[in-house]
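Me: Please take one part of this structure and examine it closely for a reader who has not met it before. I should like a single connected account that begins at one residue and works outward from there.

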Amino acid sequence: MKKIYHYTSASSLIGMLTHSQFWATDIAFLNDHKEHVHGYSAALAFIDQKIETMTDPYKKELIGFYKTLRQYIEPNVLGRDTYVVSFATDRDSISHWFSYCEKNQGYCIGFDEDLFFDPSEKLEIATRYALKFEGVLYETSSFNDRLEKILSKDVIVETITRGMRAGAYGSGQKKGESKSTILDEIMEESHVLGPLKQLERIFNEIVFSCGAFKFEGFKHEVERRLVLSSKKIKQHAEYDYKESDVRFRERNGVIFPYVPVQFNRNSIREIIVGPSGDFELRKAGLQKILDKLGVDCEISPSSTPLRFS
């Protein structure tokens, strides 16, 4: 079981529990206002490095592919509506109590990530968004390691080969035909036809990675986030923002776009009551709302020796 934690206030906790819902915020409105562009720029730099240092026997074909790929990075990363729900991997963290909770009012919800979505709800969301839980990275070297797993030659060839087997290129790979044998055809045809049709999964992974890369100064957050990326790209004719499910809320005079995300209440495994002198009273009220909603989870006091006055 993979535990993820969300620190919040009492009023927000009531809303989340009552409606089984999170509000996924537009990535351009998060506290690190440059993070999406930060990831985008780092992805371009990674691809440029691949092109400059390529020594593979299929160097010409691969460079052609990476250059084509580079063209599609901007519309796929910056050209999609992307929304984020933030979680932490640290349980009962002093810095998180200070950063995300009002004094004497904090709660930390512990979820089982694997059970976070009801299967039917996840399928419904997936009709509009590519979605994934992703650990946030804070160092360029770690980000490049993640991209290498997405954009290595072996992964690219395997992905396109899978598409050929599924009929993307007609007959697909013949029995006994090696990947190296079909690489010439793959590179030639993918360059002409464009990789989007065959490589949607790779582009989604790039989007998820760019949506989970922040400046190193935020490293203390140890964040894991749910990234939702619209399947419709702004430059496509079928894109219509008016028809999207985006909603709006206000905070400190700023209007924040968000989309609602339904979660499975049964994924809640624990709720930690933040530092305060009234644990028993706060626990009693919390237990009543949990009983009302049929949520069975542990209620624990924070062990943080923090006193708010």
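**A loop residue and its surroundings**

Reply: Val222 counts as partly exposed, at 30% relative accessibility (buried means under 20% relative accessible area, exposed over 50%, and partly exposed in between, with a 1.4 Å probe and protein chains only). The model is predicted, so local features need pLDDT of at least 70 and side-chain atom pairs count only at pLDDT 80 or more, while totals for chains, interfaces and linings use all residues. Residues are numbered from 1 along each chain as its sequence is written, and side-chain values use heavy atoms, with hydrogens and water left out.

Val222 sits in the loop between α9 and β6 (helices, H or I of at least four residues, and strands, E of at least two, are DSSP runs numbered from the N terminus). The phi of Val222 is near 45 degrees, a positive value in a residue other than glycine. Most residues other than glycine have a negative phi. Asn252, in the loop between β7 and β8, also has a positive phi, of about 55 degrees, although it is not a glycine. At 73% relative accessibility, Asn252 counts as exposed.

On one side of the Val222 loop is helix α9, residues 200-210. Nine of the eleven residues of α9 are buried, so the helix is largely enclosed by the rest of the structure. Among these buried residues are Ile202, Phe203, Glu205, Ile206, Val207 and Phe208. Glu205 also belongs to a network of salt bridges that links it with Lys132, Glu134 and Arg146 (a salt bridge is a side-chain nitrogen of Lys or Arg within 4 Å of a carboxyl oxygen of Asp or Glu). Within that network, the closest N and O atoms of Lys132 and Glu134 are 3.8 Å apart. Lys132 is partly exposed, with a relative accessible area of 28%, whereas Glu134 counts as buried at 8%.

On the other side of the loop is strand β6, residues 223-233. Glu223 forms a salt bridge with Lys214, the closest N and O atoms being 3.5 Å apart. Both ends of this pair are covered: Glu223 counts as buried at 7% relative accessibility, and Lys214 counts as buried at 1%.

Strand β6 runs antiparallel to β5, and seven bridges join the two (two strands pair if DSSP finds at least two bridges between them). Strand β5 covers residues 129-135, and six of its seven residues are buried. Tyr129 stands opposite Ser230 in β6. Ala130, which lies in β5, counts as buried at 8% relative accessibility. Ala130 and Leu228 are 98 residues apart in sequence, yet their C-alpha atoms are 5.7 Å apart in space.

Tyr129 and Leu228 both appear in the lining of the largest cavity, together with Ile125, Arg128, Asp245, Val259, Pro260 and Val261. On a 1 Å grid over the protein atoms alone, a cavity is a set of points where a 1.4 Å probe fits but cannot get out, and a pocket is an open set with protein on both sides within 12 Å along at least five of seven lines; lining residues have an atom within 4 Å of a point. This cavity holds about 30 Å³ of space (a volume is the space filled by probe spheres set on the points, which are joined across faces, edges and corners). The structure has one cavity of 30 Å³ or more. Strand β8 gives the most to the lining of the largest cavity, with three residues.

Strand β6 also takes part in the largest pocket, whose volume is about 1200 Å³. The elements that give two or more residues to the lining of the largest pocket include β6, β1 (3-8), α1 (10-19) and β7 (247-251). The lining has 35 residues, of which His6, Tyr7, Tyr100, Arg249 and Arg251 lie nearest the centre of the pocket.
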